[in-house]
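These are my notebook entries on a single structure. I set down what I looked up, entry by entry.

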Amino acid sequence: MKAIDNLDYKKYISYLLIAYAFSFPISKAATNLFEVLAILLWIVEGNWKEKYTLYKNNLLSIAIALLIGFSLVSILWHGNAELTLKYVAKYRHLLIIFVFYSSFDKKYTSHILSAFLAAMFISEIMSYAIFFELIHYKNISPSDPSPFMSHMTYSTVLAFTVNVLLIRFFYETNLKYKLFYIFFFITATTNLFINGGRSGQVIFILLILVTIFASVKHKLKALGISLAILSITFLLAYNFSPNFHERSNQLYHDFNNLITKNDYRGSGGTRVGLTIIGVHTFIDNPILGTGLAYNMQDVKEYADKFHINVENIEGFSDYHNGFLTISVQLGIVGLLISLLIIYQLFNFKYIQSKEYKILSYLFASTFILFSFTHNTFHTMNPMIFFALFAGYFNALSTKRGHNELR
């Protein structure tokens with residue numbers, strides 16, 4: 001017992017969180033393992049009185065507690081406890097946010113980001129190996145080489161990674177590292193556009209603007225650099241990436257058909273249609289919501305009512321929008337939780353480093369844009385992406401030193 005009492009919990013929890021950041025881009029099994037180990041050590045660490053004091057004064061912790069707690073309480077008026085509990089069980093991934101906030105040692109700040117980037121580099125090598133047909137991996141097509149995640153999630157995480165690398169390039173003073181970051185930036189950007197995830201490609205546009213305008217003092221110069229990067233990237237991608245060329249044309253036709261023919265079929269039109277249905281479902285159930293076990297039983301009825309001809313409409317289990325899904329499920333409280341999360345992601349206070357402050361804005365922008373196209377609070381990899389970086393930047397935003405809860 002004495003050995004356990006003298007254990008440096010923060011150090012070992014921080015090691016596990018670094019391993020967690022490394023495993024996220026390349027292995028679900030390893031990510032789950034390190035997540036469980038970090039949570040178990042956090043529980044054994046104790047100090048619950050001090051931890052409670054920290055959590056009750058932290059808006060993100062409050063928002064996550066509200067999401068989990070109110071989801072459980074909703075069983076009382078929505079019933080179907082079995083399905084609701086299965087749904088809420090997935091929120092276990094969000095506990096890492098609490099682990100980061102109370103038990104992460106800030107001296108390992110750079111290690112988290114470095115571990116994540118190292119794993120993304122490995123993932124990128126795998127992607128290129130599949131693309132050039134050097135290897136065959138789990139029946140993944142060379143035309144859409146996303147090795148460890150869905151192409152939507154992979155492209156989004158890649159868009160974030162590309163901009164992290166650009167920030168690192170701007171703030172690095174060692175020429176050797178600057179050259180590596182710009183090389184990695186070019187290869188990661190190319191990888192983004194040979195993959196089939198359009199979400200990340202669209203998110204890339206906004207993130208580049210955020211990165212350049214936040215990093216370059218002269219705004220006219222920033223505008224020129226942004227336009228140059230975006231123009232060259234999209235011109236090369238459109239002309240040399242068959243995947244990007246085809247999917248760009250497809251997206252154009254989807255929206256053109258939506259506007260001119262009121263045709264919601266196609267990927268772009270489907271997302272618009274599901275959003276309209278979700279908004280009206282929320283309006284019809286504003287107080288208590290539909291419940292977690294609702295599973296969109298009335299989606300066909302809403303589609304017919306508003307003349308939305310989405311193909312296989314009854315096969316969708318959510319609105320492809322994380323914040324809208326929460327609002328529909330939990331009513332006004334769900335909407336408020338969504339607003340709290342959005343607000344807090346852009347308001348991580350007390351981050352002293354300008355570099356990390358910009359990185360926190362990049363993450364917030366990435367996740368919020370991603371949430372408009374995906375149920376990010378109920379799919380493993382998007383949830384891990386959120387838990388990892390929301391927890392990370394939330395921990396960096398606290399005033400306390402790394403020895404406080406030891």
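**Entry 1. Helices H11 and H13**

I began with the contact in which Phe185, Thr189 and Phe193 of H11 meet Ile229, Thr233, Phe234 and Ala237 of H13; contact means heavy atoms within 4.5 Å. By class, I found five nonpolar, two polar and no charged residues in this contact. Here Ala, Val, Leu, Ile, Met, Phe, Trp, Tyr, Cys and Pro count as nonpolar, Asp, Glu, Lys and Arg as charged, and the others, Gly among them, as polar.

Before going further I noted the basis of the work: the model is predicted, local features need pLDDT of at least 70, side-chain atom pairs count only at pLDDT 80 or more, and totals for chains, interfaces and linings use all residues. Residues are numbered from 1 along each chain as its sequence is written, and side-chain values use heavy atoms, with hydrogens and water left out.

H11 covers residues 175-194 and H13 covers residues 219-240. Helices (H or I, at least four residues) and strands (E, at least two) are DSSP runs, numbered from the N terminus. At what angle do H11 and H13 pack? I read an angle of about 50°, with the axes 10 Å apart. That makes H11 oblique to H13. Axes are lines fitted to C-alpha atoms, for helices over the stretch in contact, and angles run from 0 to 180 degrees between N-to-C directions. Angles under 35 degrees count as roughly parallel, over 145 as roughly antiparallel, 65 to 115 as roughly perpendicular and the rest as oblique.

I recorded the crossing of H11 and H13 as right-handed. A crossing is left-handed if the near helix is turned anticlockwise from the far one by less than a right angle, and right-handed if clockwise.

**Entry 2. Aromatic pairs**

I next searched the whole structure and obtained 42 aromatic pairs. Rings of Phe, Tyr and Trp (its six-membered ring) pair if their centres lie within 6.5 Å; planes under 30 degrees apart count as stacked, over 60 as edge-to-face and the rest as tilted.

I looked up Phe160 and Phe389, an edge-to-face pair at 5.0 Å centre to centre with 65° between the planes. Phe160 belongs to helix H10 (residues 151-171) and Phe389 to helix H19 (residues 380-396), so I noted a link between distant parts of the chain, 229 residues apart. Phe160 is buried at a relative accessible area of 0%, and Phe389 counts as buried at 0% relative accessibility. Buried means under 20% relative accessible area, exposed over 50%, partly exposed in between (1.4 Å probe, protein chains only).

I then took Phe193 and Phe204, whose ring centres are 5.5 Å apart and whose planes stand at 85°, so this pair is edge-to-face. Phe193 lies in H11 and Phe204 in helix H12 (residues 198-215), so the pair ties together parts 11 residues apart in sequence. I noted both Phe193 and Phe204 as buried.

**Entry 3. Helices H4 and H8, with Ser61**

Helix H4 (residues 48-56) packs against helix H8 (residues 95-103) at about 110°, with the axes 10 Å apart. I therefore entered H4 and H8 as roughly perpendicular to each other. Lys51, Leu54 and Tyr55 in H4 meet Phe98, Tyr101, Ser102 and Ser103 in H8. This contact of H4 with H8 divides into four nonpolar, two polar and one charged residue.

What does Ser61 touch? Leaving aside residues up to four places away in sequence, I found Tyr55, Phe98, Tyr101 and Asn394. Ser61 lies in helix H5 (residues 59-73) and is buried, with a relative accessible area of 2%.

**Entry 4. Loop residues**

I located Asp105 in the loop between H8 and helix H9 (109-131). Asp105 counts as buried at 0% relative accessibility. Asp105 and Ile13 are 92 residues apart in sequence, yet 8.4 Å apart in space, C-alpha to C-alpha.

Asn285 is in the loop between helix H15 (267-284) and helix H16 (299-305), and is partly exposed at 27%. I noted that Asn285 touches Thr290, Tyr302 and Gly331, not counting residues up to four places away in sequence.

I also checked phi for two residues. Glu133, in the loop between H9 and H10, has a positive phi near 60° though not a glycine, and counts as exposed at 54% relative accessibility. Asn262, also not a glycine, has a positive phi of about 55°; Asn262 is in the loop between helix H14 (242-261) and H15 and counts as partly exposed at 40% relative accessibility.
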